[in-house]
Protein chains: 2
Amino acid sequence: MTDERLDAAAREDSATKGEMTRARLRRAATNVFARNGYHATKVSDIVAAAGVTQPTFYIYCESKEAAYEALVAAFRDNLRQITLTNLIDPAIPQAELETRVAQSFHRFLDFMAQDRALTEIGFFQPPGCSQTKALMVDWVAANIAQEQAGGVFRADIPAAHIARMLVGLLDQMGRMNTDAAGRGELARHCARLFCGGVGMRTG
Amino acid sequence: MTDERLDAAAREDSATKGEMTRARLRRAATNVFARNGYHATKVSDIVAAAGVTQPTFYIYCESKEAAYEALVAAFRDNLRQITLTNLIDPAIPQAELETRVAQSFHRFLDFMAQDRALTEIGFFQPPGCSQTKALMVDWVAANIAQEQAGGVFRADIPAAHIARMLVGLLDQMGRMNTDAAGRGELARHCARLFCGGVGMRTG
DNA sequence: CGATAATATTACTCGTCAGTAATATGTTTC
DNA sequence: GAAACATATTACTGACGAGTAATATTATCG
């Protein structure tokens with residue numbers, strides 16, 4: 001690839017025909033993988049959805065597997081970014097905790113909804129999802145441990161377990177297909193249970 | 001199939017050669033489907049694991065898909081049984097709530113661990129898992145609504161959401177491969193968060 | 001033993017699917 | 001306008017995998 005092409009790719013404007021095709025293939029692959037999962041999608045489905053022929057696919061992708069891995073990796077990078085910038089401040093006044101946690105859930109849900117198909121690939125469906133969730137548990141657990149050390153979260157549940165449970169909540173909530181307002185409500189409900197539990201607090 | 005054969009299948013003892021083969025195929029199918037998922041498992045893998053040849057598979061199973069569906073259905077039936085007999089009594093003293101919820105989680109985790117491979121098929125991996133979880137959410141939500149009506153659970157989170165979150169917790173916890181003691185601990189941690197949340201209860 | 005049913009095997013078919021060689025069609029640059 | 005490059009296509013291959021027909025082996029019982 002020559003310098004001019006790299007420039008064209010870097011500048012968002014004036015996409016070359018090739019970049020257009022690449023983008024359409026990527027979108028098509030994302031949608032088809034999301035709908036059918038890795039094993040059940042055929043390259044022929046992807047190229048049909050993209051409106052190109054099969055060899056064209058292999059101009060832009062080394063293999064079906066490489067195309068899939070690239071999508072998983074892209075989602076993973078985005079999720080890591082979101083997770084690390086989405087951590088609860090270790091020094092939150094207890095009173096604000098639930099609100100802050102709700103905001104955090106809300107950002108996660110928005111992120112997932114923003115490209116639902118990619119989320120399906122990277123977070124919901126195997127084989128990509130398992131490693132993604134394992135990584136996320138680690139990222140989150142580190143933060144939870146800090147909260148516990150700071151006295152914000154109770155310390156009688158191991159951070160790793162809380163992190164797993166949080167990911168479990170997010171997994172189930174993320175699968176609900178709601179609009180922006182619905183996501184706000186979901187996030188508040190998550191935060192309510194996550195912070196205060198289901199009990200009536202009468203004891 | 002003659003009456004004698006049905007009798008032999010009903011009585012657990014004196015399994016005929018055919019019933020032995022059926023059982024070995026079922027075990028093999030369970031393990032291979034669990035390891036590789038539906039689409040990535042080949043009938044040839046199953047029969048190799050079972051130590052029989054391919055046509056033998058088709059003596060006992062109508063198709064690869066039918067074999068898979070039968071396993072999913074079997075898990076689903078068991079799960080339904082466990083779920084319906086595992087509900088929290090609507091009139092629990094608040095003080096005992098967490099203990100009772102922990103017992104409930106414990107029974108679920110034991111059930112999942114008891115045949116881990118079947119659980120993988122019916123609960124963890126698509127395509128079987130999605131319908132299973134949807135059903136379980138319904139079963140659980142009905143009970144949660146009762147708890148809310150009885151004043152045991154807080155009512156400011158919709159029962160359906162609580163049910164989904166509970167399934168999310170169970171999903172993540174069930175994936176951890178722990179021994180019986182570990183499951184007891186996990187169950188207590190789940191119950192602790194589910195009933196009381198992560199907050200320090202200082203407010 | 002010899003007949004009958006049950007159980008399993010060898011040796012295939014037919015379709016599908018990932019991936020490719022050879023070739024054609026635009027598109028920039030001089 | 002021709003050389004050089006980028007982009008896409010037609011027409012394949014080779015392997016694999018679900019499912020089967022015909023046949024062999026093993027147990028059961030009169």
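**Exercise 1. Place the salt bridge between B:Glu19 and B:Arg22 in its helix, and classify both residues by accessibility.**

Step 1. B:Glu19 and B:Arg22 sit three residues apart in helix H2 (residues 17-40) of chain B, about one turn of the helix. Helices here are DSSP runs (H or I, at least four residues), numbered from the N terminus.

Step 2. The closest N and O atoms of this salt bridge are 3.6 Å apart. The rule asks for a side-chain nitrogen of Lys or Arg within 4 Å of a carboxyl oxygen of Asp or Glu.

Step 3. B:Glu19 is buried at 16% relative accessible area. B:Arg22 is partly exposed at 35%. The classes are buried under 20%, exposed over 50% and partly exposed in between (1.4 Å probe, protein chains only).

A note on the basis: this is a predicted model, where local features need pLDDT of at least 70, side-chain atom pairs count only at pLDDT 80 or more, and totals for chains, interfaces and linings use all residues. Residues are numbered from 1 along each chain as its sequence is written, chains are lettered from A in the order in which they are written, and side-chain values use heavy atoms, without hydrogens or water.

**Exercise 2. Find which parts of chain A the salt bridge between A:Arg27 and A:Asp115 ties together.**

Step 1. The closest N and O atoms of A:Arg27 and A:Asp115 are 3.3 Å apart.

Step 2. A:Arg27 lies in helix H2 of chain A, and A:Asp115 in the loop between helix H6 (97-114) and helix H7 (116-124), so the pair joins parts 88 residues apart in sequence.

Step 3. A:Arg27 is partly exposed at 40% relative accessibility. A:Asp115 is buried at 19%.

**Exercise 3. Describe the interface of chain A and chain B.**

Step 1. Take the area. About 3,800 Å² is buried between the chains, and carbon and sulfur atoms give 66% of that. Buried area is the accessible area (1.4 Å probe) that two parts lose on being put together, summed over both.

Step 2. Take the residues. Chain A gives 39 and chain B gives 39 to the contact, where contact means heavy atoms within 4.5 Å.

Step 3. Take the charges. The rule finds two salt bridges across the interface. B:Asp156 and A:Arg192 meet in a salt bridge at 3.8 Å, N to O. Both belong to a salt-bridge network with A:Glu98 and B:Arg154.

**Exercise 4. Locate B:Met176 and list its contacts.**

Step 1. B:Met176 is in the loop between helix H9 (159-175) and helix H10 (180-196) of chain B.

Step 2. B:Met176 touches A:His161, A:Arg164 and B:Leu186, leaving out residues up to four places away in sequence.

Definitions and conventions:
Helix = DSSP H or I, 4+ residues; strand = E, 2+ residues; numbered from the N terminus.
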